[in-house]
Structure formats: structure tokens, C-alpha cells
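Please walk through this protein with the model open beside the text. The route goes from the overall fold to the core, the surface and the charged pairs.

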Amino acid sequence: MIISTWYGGWPSGTLATLLAGFATARSLGPTYNSAFDGNSKSLLWLLFILTTSIISFAQVVQSRLKRRLRTSEERLALALDSSGCGVWDYNLLTGRFWWSKNIETIFGRFGANFPRTYEEFFEAIHIEDQPLFNRVMTRMINEGGDYEVECRILHPDNSIRRVNI
């Protein structure tokens with residue numbers, strides 16, 4: 001049932017649930033031909049149908065959410081590519097960075113050469129702009145909210161580029 005819902009959506013999942021319920025009712029005996037009579041086999045059958053229905057519904061919701069997320073990610077990538085902007089995220093708990101592909105182009109560092117830690121990212125900031133960048137980041141971490149800082153970054157070829165971070 002889960003597989004039919006996963007690949008076929010709600011209609012095929014519902015059909016699989018109903019067929020499984022009828023097959024179960026048929027195999028457990030004649031007590032299922034009448035209305036719920038309160039015996040344990042009837043209760044097990046109803047619980048089976050309810051459980052498979054909930055699982056089918058959850059699979060449908062998950063599938064729809066994944067589709068929406070994929071669409072949203074595609075739109076963000078299109079907007080970033082069109083504008084020449086980039087997005088990055090720094091996880092304070094793990095110390096790991098996530099960034100969009102455009103950030104690599106902006107910083108002139110690609111793949112494994114792109115900073116993986118805050119320290120490596122900080123080193124890419126021009127030395128004269130590092131104190132300002134550090135103050136802004138510290139304030140943002142302590143107080144929360146948005147930030148924006150204009151600073152210079154150093155490309156690997158020692159050229160300088162002005163960016164808003």
C-alpha cells in the first residue's frame with residue numbers, strides 16, 4: 001500500500017488500502033460481513049484500515065511537500081542566477097557553511113577551495129575590513145536580526161572585489 005501511494009498517489013493508495021481491507025476481511029471469516037460487532041478481529045481489521053489510510057495520507061502529504069520544496073529551490077536558483085547574487089549560511093552549532101554556487105563565483109573560489117569554516121571565510125575578507133566584519137557578525141549573533149556589511153574580499157589571484165555580505 002505504501003509503495004502504491006508513493007508511486008501512484010492518493011487514488012492508488014486508497015484502492016490498495018481498500019483491497020487489502022477486503023482481502024483481510026475475507027480471510028478472517030464471516031464476522032466481517034456484518035457491521036462492527038465489537039470482537040477483537042473486527043477491531044484489528046478496523047485498526048488495519050485506519051493505519052494504512054493514515055500512512056497513505058502521510059505519503060501523499062510528504063510527496064506534495066517535496067514537490068513544493070523542489071519548485072521553491074528551482075525558483076531561488078533562477079532568481080540567484082538572474083541577479084548574480086549568492087546566498088550563504090553558517091551554522092553556529094556545527095561550524096559548517098552552506099552556500100549557493102554563485103558565492104563561489106563571487107569569491108573566486110570553487111569546490112574544495114571555497115572556505116569550509118568561519119576562520120577560512122574570515123581570511124577571505126580583506127585584512128582592513130576584518131574588524132568591521134567581525135563586529136557586525138558578533139552583533140548579529142548576540143542580538144539577532146538582519147545584517148549587511150560592505151567589505152572587500154581577496155580572490156586567490158590577490159585581486160580585490162567589493163561585496164555586500
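Leu44 is a convenient place to begin: this residue sits in helix α2, which covers residues 40-83. The model is a predicted one. Leu44 has a relative accessibility of 56% and is classed as exposed because that value is over 50%. Together with Leu43, Leu47, Leu50 and Ile54, Leu44 makes a nonpolar surface patch of about 490 Å².

Helix α2 belongs to a set of five helices and four strands. Along the sequence the order of elements is α-α-β-β-α-α-α-β-β. The protein has 165 residues, and 28% of them are buried. Its accessible surface is about 11400 Å², with 59% of that area contributed by carbon and sulfur atoms. Among contacts with a separation of 6 or more, 36% join residues 24 or more positions apart.

The interior can be followed through the largest nonpolar core, which has 20 residues. Within this core, Trp88, Phe107, Phe121, Phe133 and Ile165 touch the most other members. Two or more residues each come from β2 (97-99), α3 (101-107), α4 (118-123), α5 (130-143) and β3 (150-154). Phe107 shows how these parts meet: leaving aside residues up to four places away in sequence, Phe107 touches Phe114, Phe121, Ala124, Ile153, Leu154, His155, Pro156 and Ile165.

The cysteines can be taken next. No disulfides are present in the structure. Cys151 is buried at 1% relative accessibility, whereas Cys85 is partly exposed at 40%.

Charged pairs come last. Side chains of opposite charge can pair when their charged atoms come close. The structure holds four salt bridges. One of them joins Glu104 and Lys101, with the closest N and O atoms 3.9 Å apart. Both residues belong to helix α3 and are three residues apart, about one turn of the helix. The two partners differ in exposure: Glu104 is buried at 6% relative accessibility, while Lys101 is exposed at 62%.

Which residues are linked with Arg152 in a network of salt bridges? They are Glu128 and Asp129. Glu128 meets Arg152 at 3.1 Å, N to O. This pair links distant parts of the chain, from the loop between α4 and α5 to strand β3, 24 residues apart. Asp129 pairs with Arg152 as well, the closest N and O atoms being 2.9 Å apart. Asp129 lies in the loop between α4 and α5, 23 residues from Arg152. In this network, Arg152 is buried at 18% relative accessibility and Asp129 is buried at 11%, whereas Glu128 is exposed at 56%.

Technical notes. Residues are numbered from 1 along each chain as its sequence is written. This is a predicted model: local features need pLDDT of at least 70, side-chain atom pairs count only at pLDDT 80 or more; totals for chains, interfaces and linings use all residues. Side-chain values use heavy atoms; hydrogens and water are left out. Buried means under 20% relative accessible area, exposed over 50%, partly exposed in between (1.4 Å probe, protein chains only). Contact means heavy atoms within 4.5 Å. Accessible areas come from the Shrake-Rupley method with a 1.4 Å probe; for residues, only the protein chains shown count as cover. A nonpolar core is a set of buried Ala, Val, Leu, Ile, Met, Phe, Trp, Tyr and Cys residues joined through side-chain atoms within 4.5 Å. A disulfide is a pair of cysteine sulfur atoms within 2.5 Å. Patches are made of residues with over 30% relative accessible area and no salt bridge: like charges are joined within 9 Å, nonpolar side chains (Val, Leu, Ile, Met, Phe, Trp, Tyr) within 5 Å. A salt bridge is a side-chain nitrogen of Lys or Arg within 4 Å of a carboxyl oxygen of Asp or Glu.
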